[in-house]
Amino acid sequence: MDAKNKNKLLNLISKFLEEKASTKEIKNLYNFFLSHQKITKWPENFESKEIIEDKIYDKIQSSVKIGPYKSIKKVIPLYQRNIFKYAAAILIFVSAGYFFLTKEETTQNTAPIIVNNNIKTGTDKATLTLGDGTNVTLEKGKDYIAEHIESNGEEIIYANSNNSKSDIVYNYLTIPRGGQYFVKLSDGTQIWLNSESQLKYPENFIQGQIREVELVYGEAYFDVSPSTDHDGAKFKVIHRKQEVEVLGTEFNIKAYNDETEVFTTLVEGVVKVGNSSDSKILEPDQQTIIADASNIIYVHAVNAKGETSWRRGVFDFNDKSLKEILKVLSRWYDMDVIIVDKDIESELFTGTFGKEQNIEDILFLINKLTNIQYEINNKTIFLRK
């Protein structure tokens, strides 16, 4: 490392320790660690490596005392570098936060095989299907304006207008793999749609009557306009496995076609989750689970903020298996994943990835930390021991 880059790195470390580093600077710090394996000569006029290591360790500890990271006690070398040397878990600086892996340190890594990496980071895109069957492509840099509808390519907004029952027209918003989109309904309800999802909803609701939308499949986060603003009209989200009834609240529904369970997570307020044979009232930080094999609704406590982190631009994994993580990432990056050695599917990870990160960076980190080998061939990833 030359003197200029070394000083820049030390300056970033100092700003981090002083809690003055911006998100961009933390990302730069992370990038420095990616490109520089060691600092071979530490400046004499700077605090020793050991002191810096202790300070960073203390800073990390103070920032992970709550939530899913509270059980993490120590940190070990980042890519086997000298800058971190604590045992039990590995910490990686990522643009959106931290990444921990509860694994022992590895010492051997094989270079990845990359044959035309055509995997792109997800972006804002969707297909709007109007009441007459017309399909409209929505994407960044492309505006769409129609009667009561406006989109800037990143979101679609419906204006409120008086309506009668005979005038109800339904639209569909379909999000492909590698996409996400935001919609604001005519009643003011805000909905964030994740990759590979579809929502059915009316262009306008009838004042005073139940406001009803359908999550056909996929995942959506709802911030519902309160019933007090709509003559007491309740809001319902229908899915083939359940019905969620709310007065005004924030919650998340995950119901992918390729998964056997439907998850409803309450962030704030109160919701009622029900079906033909069961019903449950949820409180914040609770989640219902309905399996395909049964209509029974199970309730358990969760960290709602972590479960819904995708809406805020990050993926927050808490003791998730490699198989589960790659299923989530495959939707966002629109890629196929083949795990050649099945026994690595159950490797557990806890951590946070920024959704803007390049997939190759994420795979590189996993490889360095676990010695799991990867190959990228066009839009397919192969993982093996």
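In this predicted model, helix α6 covers residues 359–370, a run of 12 residues. From its first C-alpha to its last, α6 reaches 16 Å, close to the 16 Å expected at 1.5 Å a residue. The helix is mostly covered, with nine of its 12 residues buried. These buried positions are I359, I362, L363, L365, I366, N367, K368, L369 and T370. A helical pattern helps in reading such a list: an α-helix has 3.6 residues a turn, so residues three or four places apart point the same way.

Both ends of α6 have features that are easy to find on screen. At the N-terminal end, N358 acts as a cap, with a side-chain oxygen 2.7 Å from the backbone nitrogen of E360. Just after the helix, N371 takes a positive phi of about 70°.

Helix α6 also takes part in enclosing empty space. Two cavities of 30 Å³ or more are present in the structure, and the second largest holds about 40 Å³ of space. The lining of this second largest cavity is made up of L322, L326, L363, I366, N367, I372, Y374 and L383. Both α5 and α6 supply at least two residues each to that lining, and the largest share, three residues, comes from α6. By class, seven of the lining residues are nonpolar and one is polar, while none is charged.

The largest pocket offers another view of the model. Its volume is about 850 Å³, and of the 36 residues that line this pocket, K254, E307, K320, E324 and V328 are the closest to its centre. Strands and helices both contribute: β16 (250–255), β17 (261–268), β20 (286–291), β21 (297–301) and β22 (314–321), together with α4 (304–307) and α5 (322–333), each supply at least two lining residues. The lining of the largest pocket divides into 13 nonpolar, 12 polar and 11 charged residues. Helix α5 thus appears twice in this account, supplying residues to the lining of the largest pocket and to that of the second largest cavity.

Attention now turns to a single residue, Q198, which sits in strand β12 (residues 197–202). Q198 counts as buried because its relative accessibility is 15%, below the 20% cut-off for that class. The side chain of Q198 makes a polar contact with the side chain of T174 at 2.8 Å. Leaving aside neighbours within four places in sequence, Q198 is in contact with Y172, L173, T174, E214, L215, V216 and Y217. One of these partners, L173, lies 25 residues away along the chain, yet the C-alpha atoms of Q198 and L173 are separated by 5.6 Å.

For the protein as a whole, six helices and 26 strands are found. Buried residues make up 48% of the 385 residues. Among contacts with a separation of 6 or more, 57% are accounted for by residues 24 or more positions apart. The pair Q198 and L173, in contact and 25 residues apart along the chain, gives a handy example of such a contact.

Notes. Residues are numbered from 1 along each chain as its sequence is written. This is a predicted model: local features need pLDDT of at least 70, side-chain atom pairs count only at pLDDT 80 or more; totals for chains, interfaces and linings use all residues. Side-chain values use heavy atoms; hydrogens and water are left out. Helices (H or I, at least four residues) and strands (E, at least two) are DSSP runs, numbered from the N terminus. The expected span of a helix is 1.5 Å times one less than its number of residues. Buried means under 20% relative accessible area, exposed over 50%, partly exposed in between (1.4 Å probe, protein chains only). A polar contact is a pair of N or O atoms within 3.5 Å; within protein, one must be able to donate a hydrogen and the other to accept it, and residues adjacent in sequence count only if both atoms are side-chain atoms. On a 1 Å grid over the protein atoms alone, a cavity is a set of points where a 1.4 Å probe fits but cannot get out, and a pocket is an open set with protein on both sides within 12 Å along at least five of seven lines; lining residues have an atom within 4 Å of a point. Grid points are joined across faces, edges and corners, and a volume is the space filled by probe spheres set on the points. Ala, Val, Leu, Ile, Met, Phe, Trp, Tyr, Cys and Pro count as nonpolar, Asp, Glu, Lys and Arg as charged, and the others, Gly among them, as polar. Contact means heavy atoms within 4.5 Å.
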